[in-house]
Every structure is written in structure tokens, then in C-alpha cells.
Amino acid sequence: MDMRPVYDSDPQTARSTTTATMDIAILGIGLELGASARGAAMGPQALRTAGLHRVLADLGHRVSDRGTLHEVAAETPVMDPAHAHRCNNLEEITGWTRTVHDRAHAMALEPGIPVFLGGDQYKTFLDEDTKR
């Protein structure tokens, strides 16, 4: 059975005709260490304010909000020093990566779909930087 949503063509009245109801757990990542300008940390709250929960509920899903991570403890990474010097905020990013990983793993063990909101592109930048 195809469980992809099908939407009405009018965006003002669009509603999913999918009958599958999902449990969706939302976790905000209030991080902006990798951003060139401030503001990325406000992304999770902006999406909530814009009505993300209501839209998902209107589509028939059950939504639980796990809050937003704002601060985590820095950690010393295990990394080749030849690459470490090119990374900005390395200890802080290592702490964020560990914390998000641990929360994602815990959420993945529960029923439903974990959804992560906001945060900057620190992981993308870290990966790209270490490829050079």
C-alpha cells in the first residue's frame, strides 16, 4: 500500500489523505557555532511559532516536543592534530555532536519518527573541512 501523502491542489485547503498516523518526536538544536551570522539558534522556536506542530497534527500525526538543546558541555575530540587545527570551536562542536548523537540514538529506540529542528550546519562544515 502506498502511504505517501496526497495533497489537495489548493494550498489554502491542503490536507493529507494518508491514513497512516505517525508518532513524531521533535527536538530542537539551538546551535549557531558554525554560522557566519547570529540567528540560527532561534530556528527551532521560529518553526514552532510558525505552526509546525499544528500542521503535523492536522495531517493526523501525534506530535511530542522534546524541547530545545541550548547548551552542552565541551568535549576533547579524538582527532589527528594535523586536521584539528583547521576546525573552529572544535571542543564545543565535539560536545554538541556527542549530545545530539546520544539524544538521536535514544529517540530512535522509541516508537515513531524523530525530527530535529534548527541548528546551524556545523556538521556539514566539519565534514567538508576534514576532507581537504
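The following dialogue examines how terms are applied to one predicted model.

Visitor: What kind of model is this, and how are its residues numbered?

Guide: This is a predicted model, in which local features need pLDDT of at least 70 and side-chain atom pairs count only at pLDDT 80 or more, while totals for chains, interfaces and linings use all residues. Residues are numbered from 1 along each chain as its sequence is written, and side-chain values use heavy atoms, with hydrogens and water left out.

Visitor: What makes up the secondary structure of the chain?

Guide: The chain has five helices and three strands. Helices (H or I, at least four residues) and strands (E, at least two) are DSSP runs, numbered from the N terminus. Along the sequence the pattern reads β-α-α-β-α-α-β-α.

Visitor: Why is the pair D23 and R62 called a salt bridge?

Guide: The term requires a side-chain nitrogen of Lys or Arg within 4 Å of a carboxyl oxygen of Asp or Glu. In D23 and R62 the closest N and O atoms are 2.5 Å apart, so the pair qualifies. The pair links distant parts of the chain, with D23 in strand β1 (residues 23–29) and R62 in strand β2 (residues 62–69), 39 residues apart. A search of the whole structure finds six salt bridges.

Visitor: Why do D23 and R62 count as partly exposed?

Guide: Buried means under 20% relative accessible area, exposed means over 50%, and partly exposed lies in between (1.4 Å probe, protein chains only). D23 has 30% relative accessibility and R62 has 48%, so both are partly exposed.

Visitor: What makes R54 and D58 a salt bridge, and how are they placed in helix α2?

Guide: Their side chains meet at 3.5 Å, N to O, which is within the limit, so the term applies. R54 and D58 are four residues apart in helix α2 (residues 52–58), a separation of about one helical turn. At a relative accessible area of 38%, D58 is partly exposed.

Visitor: How do you know that R66 and E110 form a salt bridge, and which parts does the pair tie together?

Guide: The side chains of R66 and E110 meet at 2.7 Å, N to O, and therefore satisfy the criterion. Because R66 lies in strand β2 and E110 in the loop between α4 (90–108) and β3 (113–117), the pair ties together parts that are 44 residues apart in sequence. R66 is partly exposed at 32% relative accessibility, and E110 is partly exposed at 32% as well.

Visitor: Why is R48 called buried or exposed?

Guide: R48 has 14% relative accessibility, which falls under the limit for buried, so R48 counts as buried. This residue lies in helix α1 (residues 43–49). Contact means heavy atoms within 4.5 Å. Not counting residues up to four places away in sequence, R48 touches I26, L27, G28, H53, D65, G67, T68 and L117.

Visitor: What makes β1 count as paired with β2 and with β3?

Guide: Two strands pair if DSSP finds at least two bridges between them. β1 and β2 have six bridges and β1 and β3 have five, so each pair meets the requirement. Both pairings are in the parallel sense. I24 has V63 of β2 as its bridge partner, and G28 has L117 of β3. β1 is mostly covered, with six of its seven residues buried.

Visitor: Which residues form the largest nonpolar core, and what makes it a core?

Guide: A nonpolar core is a set of buried Ala, Val, Leu, Ile, Met, Phe, Trp, Tyr and Cys residues joined through side-chain atoms within 4.5 Å. The largest has eight residues: A25, L27, I29, L31, L69, W96, V100 and M107. The elements giving two or more residues to this core are β1 and α4. L69 touches residues including L27, I29, W96 and V100.

Visitor: How do you know that the span of α4 is close to the expected value?

Guide: The expected span of a helix is 1.5 Å times one less than its number of residues. α4 has 19 residues and reaches 26 Å from its first C-alpha to its last, close to the 27 Å expected. Among the buried residues of α4 are W96, V100 and M107.

Visitor: Why is V72 called partly exposed?

Guide: V72 has a relative accessible area of 24%, between the two limits, so V72 is partly exposed. V72 is located in the loop between β2 and α3 (81–84). Leaving aside neighbours within four places in sequence, V72 is in contact with G95, W96 and T99.
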